[in-house]
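Reader: I should like to work through a structure step by step. May we begin with the sequence and the model in view?

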Amino acid sequence: MEEHKDRASSSISIALIGSGGAGVMTAGSMLLEAAGRAGLFGIMTRSAGPQIRGGEAAAMLRLATFPVESHDNEFDILLAIDWLNADRFRAEIPLGTQSLIIGETDAEPPQAFTDSGARTLELPLKQIARETDGGRENMVVLGVVCSLIGLPLEPLHQVLESLLKRKGQAAIDSSVACVDSGAAHTGKHQGSYQLSLSSEKQCDLWNISGNEAAGLGAIRGGVRFVAAYPITPATELLEWMAPALEQVGGILVQAEDELASVNQLIGASFGGTPSLTATSGPGLALMTESIGLAVASETPIVVVDVMRGGPSTGIPTKSEQSDLNIAIYGLHGDAPHLVLAPMSVADCLFTTQWAIHLAEKLQTAAIVLSDQNLGQTRAIIERPADVAFVSGRSIQETPMEGYQRYAVGGNGVSPMALPGTAGCQYTADGLEHAPSGIPSSRAEDHRQQLDKRRDKLVNHDYGDHWALIEGEGEFAVITWGSSLAPVREARAMLLSDGIDIRIIAPRLLLPVQPERMQQALAGVTGALVVEQSHGAQFFHYLQAFYPQKFEFMSMAQPGPLPIRPEQVVADIKTRGKY
Amino acid sequence: MDQTSTSTAALKPKDYKSDTKPVWCPGCGDFSVLSAFTKAMAAMQLDPERVVVISGIGCSSRIPAYLNVYGFHAVHGRALPVGIGLKITRPDLTVMVAGGDGDGFSIGGNHFMQACRRNVDMTYVVMDNQVYGMTKGQASPTTEPDWERGKLTPHGTRINPFYPLVIALASGANFIARASSNDPNGAARVITEAVQHPGFSFVQILSPCITFRPEQRDWKKIVHPAPVVATADPAVAARRLMTDDNFFIGTLFKGERVPFTPEFEPRAESAHELETAFRMSA
């Protein structure tokens, strides 16, 4: 396949697998960091069995000379320290005839992998490791990979030195020896998956996960209070924020459950502190009643939902875009709120920061739909640009005769008095209320406050950030969140065939933007909706809120399998009649 | 007081009252509790704008709107977390949480225990009438097991009542007292003491619902002052609770546990320093 070779020079995909304590995640992280230091871009995703410690694990990397956000159609190199339960990753690690399977001497790779027609190579990994005092196979593996892809060993040595410093010089020396030794054992395969390294060093690259990016976005946006309950796969976001908040004079409180965490946010925000929590589907379900309270009492809060497979406990460690419905429709009553979705690791920063700005400015609740795929992917990216979005809440700072917290009129946003402001005392309420805040069940008050809470969101100008729009074609692909990355790759593949498609990926899912969508769809005659959910939730959302003269077509695939670019290409060629 | 009030004249109980008319039934004990709140605030000369009263859902949870302080009428059972989030980020405020036995001990039961454990400097007042009044007469966690007039439990609840003082002590509350709405002045003194004591203070106020539990009119004859002074020793307090008949009035426990007071001083300037951890050193 000519195309494969071309692509291989600029992008290489590597899967490292092993069981219980083999250290493939460590090796993967080190490889990613070393590639970044060599000026490459890349991503690493992780997949593991349900075991707390041990069990089969896979580090899946893609290293490239250009920014990458998703995995390729196939993996070039599959390297196993052992094959125990490795076949469980078969669907997540597609191989082709050009792929290379590497394993321990005399250990037969599972047929599930060899059926692909990939070539195989046996290496005495254990023996090479044993030749070094304290040597470990995962370090040997690192050397092997570097040799295959032509990555200089120097940046890897630096990574080992900085990451193993705590373990002492002996640990560094033995790891370096193993790496070098592994690199020397590839024989004729050396450089067979050569990545074209640029002599130009990228000057400002970051190594960051989506969860960390969201945390940083939160702090940049002004969040100083977080209350949370640990949940996979959102926990790392919270674990990053706990010490980070202390550095900026904020605090993270571990609450007794999600009911408590969301209500602590409401209390802190009522006092004037921008507040956020992170959770996953089950936690979001618990929080929904009080998210409605934030909406009704007009108290800004932000909830980041790092989605995982559902329903119920579902698949905690793996990704799915199936919380769209609960985020959009999950609140009882008519409760206008914000729903936003980041579409890349880097965008987790921007979108979270924007969500805080919007929630604060519009005095409402914002739900940010990230997912396991974005949150737990570690990526080498260009430094995200600084954006000016910070909390900008409208505050009643001075005493005011006849102050009305929920005054109607204007753009619907009424200045909020914070406790401590004399003469403006009021009671915030989840009961329907008059403009003063006093509970009211009168039809006029209800109508007026419903209008107020809707209009302030609908009338706000969200600007071009509402969506990412690319391409000019008459056939559109509408997608969202982490599904955007494979769709963009698919577009690049189609472009090389002379086909241009139009991509529309809304970052702002609620309130809907009918006029902007209409503009984005001008001239489009057919559209495919790509999403990672079994129930085609995004497809139904588009049909409900953005009806068109043409019919939307649906490509909905449940998690945890990522959507692959070639799948999208095939679907577009069929459905788009190319 | 370093906080300047809008008026230099001493504040009276009525200055803490709002113009909103309570929804409560005539004869409800909560009127006296409202009065005890305003008396306590006047006794402490609190600046109304620096007090926040937070509640959940239920008859008694309507209290914030009847006060001329800041208030938050939150959802059922979750008033304590709202109070905790506020007090941690605004330690300058006097934070009080108020509500009923259903709100605090049933739907909010876990938050009650965790709030006792966390020991944030705030006061929690539960107006206990052993019935759900707002939904018109169902058994609550503190209802006797053989009360047969609960509309969802016609044969009685047949389950053990919740014992708030024991739970509060076992969970780590730093101040535990019981008062009666039949003695608003006494209740005001207990609330004052509770607010002034550091850490999480819990006050159960027996507050009859004569609409759904008319027999509670007799509470005024049954309540009696505890014959002993408050102890700082949890073991002594626990022994006293063994012989509690649920109608002792007074302060049981004044602990010496250190309140949860995390440092909170938001700074914006160092946010960009956090980036350095992500930067590749090429």
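Reader: In which strand of chain A is A:Gln396 found?

Author: The model discussed here is predicted. Within chain A, the residue A:Gln396 belongs to a strand covering residues 395–396, namely S15.

Reader: Is A:Gln396 buried or exposed?

Author: A residue counts as buried when its relative accessible area is under 20%. The value for A:Gln396 is 12%, so this residue is classed as buried.

Reader: Which residue has its backbone oxygen 3.0 Å from a polar atom of the side chain of A:Gln396?

Author: Residues up to four places away in sequence aside, A:Gln396 touches several residues, including A:Tyr403, A:Pro415 and A:Cys424. The backbone oxygen at 3.0 Å from a polar atom of its side chain is that of A:Thr398.

Reader: Which helix gives the most residues to the largest nonpolar core?

Author: The largest nonpolar core has 145 residues, and among those touching the most other members are A:Leu369, A:Leu509 and B:Phe202. The greatest contribution to this core, ten residues, comes from residues 345–362 of chain A, which form helix H13.

Reader: How many residues are in the second, separate core?

Author: This core includes A:Leu32, A:Leu61, A:Ala129 and A:Ile172. Its residues number 53.

Reader: Why is helix H2 of chain B described as largely enclosed by the rest of the structure?

Author: The helix spans residues 79–89, and its buried residues include B:Ala79, B:Lys87 and B:Thr89. It is largely enclosed because the number of its eleven residues that are buried is eleven.

Methods: Residues are numbered from 1 along each chain as its sequence is written. Chains are lettered from A and ligands numbered from 1 in the order in which they are written. This is a predicted model: local features need pLDDT of at least 70, side-chain atom pairs count only at pLDDT 80 or more; totals for chains, interfaces and linings use all residues. Side-chain values use heavy atoms; hydrogens and water are left out. Buried means under 20% relative accessible area, exposed over 50%, partly exposed in between (1.4 Å probe, protein chains only). Helices (H or I, at least four residues) and strands (E, at least two) are DSSP runs, numbered from the N terminus. A polar contact is a pair of N or O atoms within 3.5 Å; within protein, one must be able to donate a hydrogen and the other to accept it, and residues adjacent in sequence count only if both atoms are side-chain atoms. Contact means heavy atoms within 4.5 Å. A nonpolar core is a set of buried Ala, Val, Leu, Ile, Met, Phe, Trp, Tyr and Cys residues joined through side-chain atoms within 4.5 Å.
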